[in-house]
Amino acid sequence: MTQETAHYFDWAATAPADPAILQNALNRTIEAYGNPSSAHKAGLTAKRLLDKARQQCADALGVQPSQLIFTSGGTEADHIPLLSVLTRPGKGTIIASAIEHPALREQCAQLAKLGYTVDFVAPDKDGFIRPEAVAQKITGDTLFVTVMAVNNETGCVQDIAAIADAITQTSAGKRRPHFHTDCVQAVGKIPLDITHKGIDSAAFSAHKICGPRGIGLLYLAKPVQPFLVGGGQEQRIRSGTENVFGALALADCLRRYGGTGNQTQAALTRAFVQKLSAINGCSLVPACRTESACSDRFSPFIVQAAFRGIPGNVMVRALDEKGFCISTGSACSAKKQSRPVLQAMGVGRDIQDTAVRFSFGPLTTEQGMDELLAAVQDVCARFAR
């Protein structure tokens with residue numbers, strides 16, 4: 001582990017890649033250089049590697065290989081099922097949680113411009129989406145519902161199984177909308193069962209679990225009609241020449257890092273939260289994060305906190321100068337001043353402006369977290385003078 005990796009606390013943005021996994025995938029694809037869609041030996045060799053990677057991913061997720069589509073990342077894995085509504089006649093309603101990743105939140109806004117009704121479900125003050133709140137939004141013309149499994153800013157774990165059940169019960173006797181869940185921050189971090197009846201699709205991304213950027217995975221319980229079409233690769237769901245290198249690396253990352261979470265990290269994070277909350281001027285976001293009864297409702301890999309009088313971007317820069325990497329929230333929204341997730345939770349502007357995110361991964365150590373705490377305390381003391 002390098003010093004930089006030891007002081008890297010922005011794993012939710014991207015995880016440092018596993019060099020051995022990437023090198024192995026590269027070596028195999030250098031030898032298997034053919035196009036998987038070609039009928040000659042070179043193409044068939046590449047196709048066998050792609051099929052093996054798909055089977056390995058299926059085994060890791062407990063699904064059938066035919067239910068998995070390789071994509072260019074989590075964003076595309078979110079977009080394919082969402083944009084399938086464009087292939088249906090007429091318009092309808094799309095329901096999304098107000099705490100979705102920009103990949104879904106912003107795409108829903110684009111669909112609203114095309115005449116679709118987009119209805120956002122507000123979380124409670126702690127950032128959780130209640131199943132009954134989702135059910136209350138469903139109408140006869142609801143086409144699509146999306147609620148992320150783990151929020152990328154607060155770490156709130158949503159009960160997607162209960163939400164799926166609520167959608168099914170509310171839709172009894174009428175057309176049931178498609179239910180999608182973004183699992184990018186969930187896989188390898190929390191126990192996850194995407195085979196629960198009523199979960200129609202789920203999105204994953206390799207670079208959150210030590211894989212390369214530019215490769216993702218879409219789970220489909222049943223095929224959808226894609227809006228974007230082309231050469232018909234990936235069961236005609238996602239056209240384009242397949243990224244065999246990325247698929248192989250993703251498969252190995254799921255096998256190595258895609259388990260049901262890390263109890264050691266959970267213990268480290270509980271201690272980190274208690275020490276962090278003791279720093280003068282610190283507020284955990286949401287505040288219930290400090291309650292022991294709530295610890296299982298949050299991913300142990302993401303912690304958000306605000307520091308009175310210190311703008312979030314200032315804290316990020318101050319820690320960066322000390323060699324620590326953190327962020328103010330989603331990397332996809334890093335240049336924007338607004339904090340839609342915190343706004344949806346009803347968090348005050350002062351907290352929104354001063355909130356930062358600490359996120360952890362397989363290489364995070366207790367010593368590194370203690371050094372981060374000392375650095376944060378030093379920054380706070382400097383601004384308090």
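In this predicted model, Glu132 is partly exposed, with 40% of its relative area accessible. Its salt-bridge partner is Arg130, with the N and O atoms of the two side chains 3.0 Å apart. Arg130 likewise counts as partly exposed, because its relative accessibility is 40%, a value that lies between the limits of 20% for buried and 50% for exposed.

**Salt bridges**

The pair of Arg130 and Glu132 belongs to a set of salt bridges whose count comes to 15. Three of these interactions are listed below, each with its N to O distance.

| Basic residue | Acidic residue | N to O distance |
|---|---|---|
| Arg256 | Asp18 | 2.9 Å |
| Arg238 | Glu76 | 3.0 Å |
| Arg130 | Glu132 | 3.0 Å |

Arg256 and Asp18 form a salt bridge in which the closest N and O atoms are 2.9 Å apart. This pair links distant parts of the chain: Arg256 belongs to helix α8 (residues 244-257), Asp18 to the loop between α1 and α2, and 238 residues separate them. The two partners fall into opposite classes of accessibility. Arg256 counts as exposed, because its relative accessibility is 56%, whereas Asp18, at 7%, counts as buried.

A further salt bridge joins Glu76 to Arg238, with 3.0 Å between the closest N and O atoms. Glu76 is part of helix α4, while Arg238 is in the loop between β7 (216-220) and α8, so the salt bridge ties together parts that lie 162 residues apart in sequence. Arg238 is buried, its relative accessible area being 17%, and Glu76 is among the buried residues of α4.

**Helix α4**

The setting of Glu76 leads to the helix itself. Helix α4 spans residues 74-83, and 9 of its 10 residues are buried, so the helix is largely enclosed by the rest of the structure. The buried positions are Gly74, Glu76, Ala77, Asp78, His79, Ile80, Pro81, Leu82 and Leu83.

**Asp10 and the loop between α1 and α2**

The loop that holds Asp18 also contains Asp10, and this loop runs between α1 (3-6) and α2 (19-31). Asp10 counts as buried, because its relative accessibility is 13%, which is under the 20% limit. Apart from neighbours within four places in sequence, Asp10 is in contact with Cys325, Ile326, Ser327, Arg357 and Ser359. Both of these loop residues are therefore classed as buried, Asp10 at 13% and Asp18 at 7% relative accessibility.

Conventions
Residues are numbered from 1 along each chain as its sequence is written. This is a predicted model: local features need pLDDT of at least 70, side-chain atom pairs count only at pLDDT 80 or more; totals for chains, interfaces and linings use all residues. Side-chain values use heavy atoms; hydrogens and water are left out. Buried means under 20% relative accessible area, exposed over 50%, partly exposed in between (1.4 Å probe, protein chains only). Helices (H or I, at least four residues) and strands (E, at least two) are DSSP runs, numbered from the N terminus. Contact means heavy atoms within 4.5 Å. A salt bridge is a side-chain nitrogen of Lys or Arg within 4 Å of a carboxyl oxygen of Asp or Glu.
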